[in-house]
Amino acid sequence: MASQPSTNTALERGLEMSRRAAGLNPLGGHGDNDFESQWDILSSALREIHTKNASQLSFEQIYRASYKIVLKKQGDKLYDRVKEFEEQWFGGEVMPNIQKLITPNLVNIATGGMSGVTANERRMTGEEFLRGLKAAWEDHITTMNMTTDVLMYMDRVYCTDNRKPSIFTTSMGLFREHVLRSVISDSRAGLIIFDILNSVILDQINMERDGDVIDKTLIRACVYMLEGLYESDDENELEKLYLTVFQVAFLADAKEHYQKECATLLRESDASTWLRQTRKRLAEEDVRCQTTISMLTSEKIAKVVEEEMISAHLTEFLAMEGSGIKAMIENDRYEDLTLLYQLISRVDPSKSPLKIALQARVVELGSEINKTITESESAPAPPAQPEDGEAEAGDKSKATKQSAAAKQTAAAIRWVDEVLTLKDKFDTMWKNCLSEDLILQTALTKSFSDFINLFPRCSEYVSLFIDDNLKRGIKGKTESEIEVVLDKATTLLRYIQDKDMFERYYKKHLARRLLHGKSESADVEKQMISRMKLEIGNAFTTKLEGMFKDMTMSEDLTAGYRSHIQNLGDLDRKQVDLGINVLTTNYWPMESMGGASSRGEDGTLMSCSWPTEIMNLQESFKKFYLKERNGRKLTWLGFLGSADIKCVFPKIPGKEGILGRERRHELNVPTYGMIILLLFNILADGESLTYEAIQQSTNIPPQDLSRMLFTLSVLPKARVLTKNPANKELPKPGDKFSFNASFTSKAVKIKAPVMVGAVNKVEGEEERKDTEDRNDEHRGYVIDTVIVRIMKARKLSTHQMLFSEVIAQLAQRFNPNINMMKKRIESLIEREYLERVEDAQVPTYKYLA
């Protein structure tokens, strides 16, 4: 084909030269008679071409005939005659053969009826029709390629000059009109060949969808025919018959098919089956476009499958009992979740249905954790009683018994562990199934934050979890394992909204760890604080870092003071080994560590009455401390610290065994316990002290005094005093106490059970309320500071703008209460920091310098 244009051009030049040599006029001849004679040559040749007998034709003679006609300005007649010839050929030779292939079964299929016809019968009848149509099309293409070569001069001159489509293009249109759009004889429904073609191809495709094997190559050939035909001779690429007729019908048929299939799956199958069937259908349609129809339809058919198989009933499949999103999460069905994510991502870039379902499930599971822990918490221990220490070696029942407060603390740790387990579950799911999707990560983070902050004790419980791990949870762990613990703690902190409340609890718990030497590793403590600094900021960690600085300086002070005492050569003072913790007032939460009971009604700190030997020791340290630190003030805190007291219990006359000999023990007691016990050194044998006398001599707050006396006179482990009456009630005014000369213990060193307030545990309701009140009071001061800072910079601000700015600045620490903000503004107006602007259209405030 590529060489024919140059041959024809050479032939044209040869014809022109011979005509000039003979002196012929190209326009001469006998008019219509000459046209008819030339057309007879052409029509005879066209018939031979159509009947596949063109091998004997003289190409030069045929070409000269068309060339002469066009030269004589009769190209229009030739053009019309060729069209007429093709129309007659279609009517007389092509259509009768195609009509014979159209059986009643095919008509029945085209009109929507298939009853009484097996799939195999439909397949065979349809394939026979498609082969006949394919053969007619291929013959037409072959003959028209040869015809185009013969009439090339007409195309190049007449068609170009008159802006008419080439004869090949026109013949394609003729095939479209006289074959594909030809009305079927004996069809009362007015069907055309195209209707039969569409219905047969669609029926074949539906058979394949149902699992039958079809002739894909045959269907692809017929589709190729439709891709080569257009709605008009203009041959607009958007008006291919494939796009305007077949594709429309194909998509409509697929829509109906998948609607029915999805409804069946919803009615008879589970979500897992639906997921796999949908994936299978998407893959099948993609392959079908590649091998059977056209890639032009690939995106459109995928969208149909997505709309009907995914979007239409997505909510119902997600909610399926036993197989929906709930069951997938519960049973770790990662393959189903992965497939679900992939399918939803196809129809919704925001993944809204999956996002909503995951969020709802997280909150549901989280709320169950909150409810379970709340219900499992035991009633709080009596607030005035100390925490039980370790049981005596022989008291096995005591050893296994857990106090109510300890159970509450264990429940707090369990709450955090369960939240972290839930978080790990969804993190694993997010990595393995959800392609680490950032949209879903944000949604999951919000859900965890929501249910965690719905739990009123979340700040306290997270701090207790960190406390438990830093005290004993990291013991024996490697650095990488410790990193995991710190990461989990940081993650939980990130979720907490009221970070100021967490800060209050963390300071209290850290203070007790440091002062009682309970921290497993100072380095890990500092790592945790560094992580908090990144999450919350320097303002949160400044005081925590100050607490560590105090502890380091205290160690140096203690070492320095001991050297100082040794250099004095004072033998009496050497008998008391003093360990000092000098605490900066602003860094340490004194009220949370037991200092609240040591304050009077006016808020001033009440000091206990120290024994003489302790007062001498205090004075000695004070001189040493202030020698290089002039201007500082030291306040001794009796509610903190501990003492080791050497106790001697005399042999009891008439007794044998352990009571018949002298016993020596070293008793570790809180500072208040030391003050109480030293009172009994000056008592004669058999004498006692009343509750009131002890109170007057020590000036210990009544609540702390009762707790300490309970520890020393009731609990068996350290019962070095006897109480009269001898019951297990908290000591009260009127009770009498004496030295317990018959005290025995298998241990030489005895640690008295610690008092409430000296260990980290879940707060009781009253203590919790007191913490919240103090935190609200502190929030008020913070809000004041932020308001003044904003107004100082702006000078003038509307009410709405000021509130928005305050909320934005405080969002990282806590969610400020609107009513509290209003009260703080009123307070600032009363204190003349702000004033209202009169006659303003909206409420406006002005800063007063």
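Helices (H or I, at least four residues) and strands (E, at least two) are taken here as DSSP runs, numbered from the N terminus. This is a predicted model, in which local features need pLDDT of at least 70 and side-chain atom pairs count only at pLDDT 80 or more, while totals for chains, interfaces and linings use all residues. Residues are numbered from 1 along each chain as its sequence is written, and side-chain values use heavy atoms, with hydrogens and water left out.

**Overall composition**

The chain holds 33 helices and nine strands. Of its 849 residues, 45% are buried, where buried means under 20% relative accessible area, exposed over 50%, and partly exposed in between, with a 1.4 Å probe and protein chains only. Among the contacts in the chain with a separation of 6 or more, 73% are accounted for by residues 24 or more positions apart, a contact being heavy atoms within 4.5 Å.

**Nonpolar cores**

A nonpolar core is a set of buried Ala, Val, Leu, Ile, Met, Phe, Trp, Tyr and Cys residues joined through side-chain atoms within 4.5 Å. The largest such core has 167 residues, and those that touch the most other members are Phe129, Leu180, Leu197 and Trp415. Helix α19 (residues 404–432) contributes the largest share of this core, with 11 residues. Apart from it lies another core, of 24 residues, which includes Ala54, Ala65, Phe85 and Ile167. Around Phe129, when residues up to four places away in sequence are not counted, the residues touched are Ile98, Leu101, Ile102, Leu106, Ile193, Ile196, Leu197 and Val200.

**The second largest pocket**

Rolling a probe the size of a water molecule over the atoms shows where empty space is left. On a 1 Å grid over the protein atoms alone, a cavity is a set of points where a 1.4 Å probe fits but cannot get out, and a pocket is an open set with protein on both sides within 12 Å along at least five of seven lines; lining residues have an atom within 4 Å of a point. Grid points are joined across faces, edges and corners, and a volume is the space filled by probe spheres set on the points. The second largest pocket encloses about 340 Å³ of space. Its lining has 17 residues, of which Lys423, Asp427, Thr491, Arg494 and Tyr495 are the closest to the centre. Helices α19, α20 (438–454) and α22 (479–495) each supply at least two residues of this lining, and the largest share, seven residues, comes from α19.

**Strands β1, β2 and β6**

Two strands pair if DSSP finds at least two bridges between them. The pairings of β2 with β1 and β6, and two further pairings, are set out below.

| Strands | Sense | Bridges |
|---|---|---|
| β1 (residues 642–649) and β2 (residues 663–670) | antiparallel | eight |
| β2 and β6 (residues 749–751) | parallel | three |
| β3 and β5 (residues 736–739) | antiparallel | three |
| β8 and β9 (residues 844–847) | antiparallel | three |

In a regular strand the side chains alternate between the two faces of the sheet. In β1 the covered face carries Ala643, Ile645, Cys647 and Phe649, whereas the uncovered one carries Ser642, Asp644, Lys646 and Val648. The bridge partner of Ala643 in β2 is Val669, and that of Cys647 is His665, while Asn668 stands opposite Lys751 in β6. Six of the eight residues of β2 are buried, so this strand is largely enclosed by the rest of the structure. Helix α28 (residues 671–679) is mostly covered as well, with nine of its nine residues buried.

**Two open sheets**

One open sheet of three strands has the order β3-β5-β4 with antiparallel pairing. Strands β3 (688–690) and β4 (721–724) stand at its edges, each with a single partner strand, so one side of each is left without a neighbour in the sheet. Neighbouring strands here are turned by 30° against each other on average, direction ignored; axes are lines fitted to C-alpha atoms, for helices over the stretch in contact, and angles run from 0 to 180 degrees between N-to-C directions. In β5, Ser738 is the bridge partner of Ser688. Helix α29 (residues 691–698) packs on the sheet, touching β3 and β5, and its direction makes about 80° with that of β3.

Another open sheet of three strands, also with antiparallel pairing, has the order β7-β9-β8. Its edges are β7 (796–798) and β8 (834–836), each with a single partner strand, so one side of each is left without a neighbour in the sheet. In β9, Tyr845 is the bridge partner of Arg836. Helix α31 (residues 765–794) lies across β7, β8 and β9, running at about 80° to β9. Helix α32 (residues 799–810) packs on the sheet and touches β7 and β9, its direction making about 95° with that of β7.
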